[in-house]
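Please open the structure in a viewer and keep the selection tool at hand. The tour below proceeds by selections, each followed by a description of what is found there.

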Amino acid sequence: QVQLVESGGGSVQPGGSLTLSCEASGNPFKFYLMGWYRQAPGKQREMVAHHISGGAITYADSVKGRFHISRGNTQNTVVLQMNSLKPEDTAVYYCYGLFGSEYWGQGTQVIVSS
């Protein structure tokens with residue numbers, strides 16, 4: 001059974017940084033795409049960043065220049081480096097993986113507040 005497990009969420013002041021990590025288990029093959037989504041209270045889930053195996057990367061306009069996504073050293077890990085965080089980045093962040101089917105992590109909370 002494929003599982004995605006996130007880590008690294010927490011609370012930070014505006015302007016601070018956090019790093020989210022996600023590791024997949026149970027999939028012997030490399031995910032075609034891994035990425036991050038987020039859902040703020042009362043809002044729909046939205047894409048934050050996608051990383052396609054082979055290099056293509058996409059960011060939401062709201063995070064361009066502040067967030068950086070990378071695939072980890074192992075086949076099925078993905079890291080989201082978040083800098084210059086703003087209160088509007090507050091949300092539950094979900095790891096996402098695509099290999100035939102879609103897979104989601106359980107989510108990790110990020111709170112940006114002074």
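The stops that follow concern a predicted model.

**The four-stranded sheet**

Begin by selecting β1, β3, β8 and β7, which in that order make up an open sheet with antiparallel pairing. At its edges are β1 (3–7) and β7 (67–71), each of which pairs on one side only. From one strand to the next, the twist averages 15°. Strands of a sheet pair through backbone hydrogen bonds, in either a parallel or an antiparallel sense.

Next, restrict the selection to β1 and β3. Five bridges pair these two strands in the antiparallel sense. Select Val 5 to find Glu 23 of β3 standing opposite.

Now move to the other neighbour of β3, strand β8 (residues 77–82), which runs antiparallel to β3 and is joined to it by six bridges. Two positions may be picked out here: Ser 21 has Val 79 of β8 as its bridge partner, and Leu 18 stands opposite Met 82 of β8.

Colour the two faces of β3 separately. Which residues make up its covered face, and which its uncovered one? Leu 18, Leu 20, Cys 22 and Ala 24 are on the covered face, whereas Thr 19, Ser 21, Glu 23 and Ser 25 are on the uncovered face.

**The disulfide**

Remain on the covered face of β3, where Cys 22 is listed, and add Cys 95 to the selection. These two cysteines form a disulfide, with 2.0 Å between their sulfur atoms; the structure holds one such link. The angle about the S-S bond is -85°, and the link of Cys 22 and Cys 95 is left-handed. Because Cys 22 lies in strand β3 and Cys 95 in strand β9, the pair ties together parts that are 73 residues apart in sequence.

Are the two cysteines buried or exposed? Cys 22 is buried, with a relative accessible area of 3%, and Cys 95 also counts as buried, at 0% relative accessibility.

**Val 110 and its surroundings**

Select Val 110, which is placed in strand β11 (residues 108–112). At 0% relative accessibility, Val 110 counts as buried. Neighbours within four places in sequence set aside, Val 110 is in contact with Gly 9, Gly 10, Leu 18, Leu 20, Met 82, Asp 89, Thr 90, Ala 91 and Tyr 93. Among these contacts are Leu 18 and Leu 20, both on the covered face of β3. For a distance to display, choose the C-alpha atoms of Val 110 and Gly 100: these residues are ten apart in sequence and 29 Å apart in space.

**Aromatic pairs and a charge over two rings**

Display the aromatic side chains, among which five pairs are counted. One of them is formed by Phe 29 and Phe 99: the ring centres are 5.6 Å apart and the planes stand at 10°, so the pair is stacked. Phe 29 is in the loop between β3 (18–25) and β4 (33–39), and Phe 99 is in strand β9 (residues 91–99), so the pair ties together parts that are 70 residues apart in sequence. Phe 99 is partly exposed, with a relative accessible area of 35%.

Then select Tyr 37, Tyr 96 and Trp 104, which form one aromatic cluster. Add Arg 45 to this view: its charged end sits over the ring of Trp 104, 4.7 Å from the ring centre. Arg 45 also lies over the face of Tyr 94, at 3.8 Å from the centre of that ring.

**His 51**

Proceed to strand β5 (residues 46–52), where His 51 is found. His 51 counts as buried, at 12% relative accessibility. Apart from neighbours within four places in sequence, His 51 is in contact with Tyr 32, Leu 33, Met 34, Ala 56, Ile 57, Ile 69, Ser 70 and Arg 71.

**Ser 84**

Finish in the loop between β8 and β9 and select Ser 84. What is notable in its backbone? Ser 84 is not a glycine, yet its phi is positive, at about 50°. Most residues other than glycine have a negative phi. At 41% relative accessibility, Ser 84 counts as partly exposed.

How values were computed: Residues are numbered from 1 along each chain as its sequence is written. This is a predicted model: local features need pLDDT of at least 70, side-chain atom pairs count only at pLDDT 80 or more; totals for chains, interfaces and linings use all residues. Side-chain values use heavy atoms; hydrogens and water are left out. Rings of Phe, Tyr and Trp (its six-membered ring) pair if their centres lie within 6.5 Å; planes under 30 degrees apart count as stacked, over 60 as edge-to-face and the rest as tilted. Buried means under 20% relative accessible area, exposed over 50%, partly exposed in between (1.4 Å probe, protein chains only). A charge sits over a ring if NZ of Lys or CZ of Arg is within 6 Å of the ring centre and within 35 degrees of the ring normal. Two strands pair if DSSP finds at least two bridges between them. Axes are lines fitted to C-alpha atoms, for helices over the stretch in contact, and angles run from 0 to 180 degrees between N-to-C directions. Contact means heavy atoms within 4.5 Å. A disulfide is a pair of cysteine sulfur atoms within 2.5 Å.
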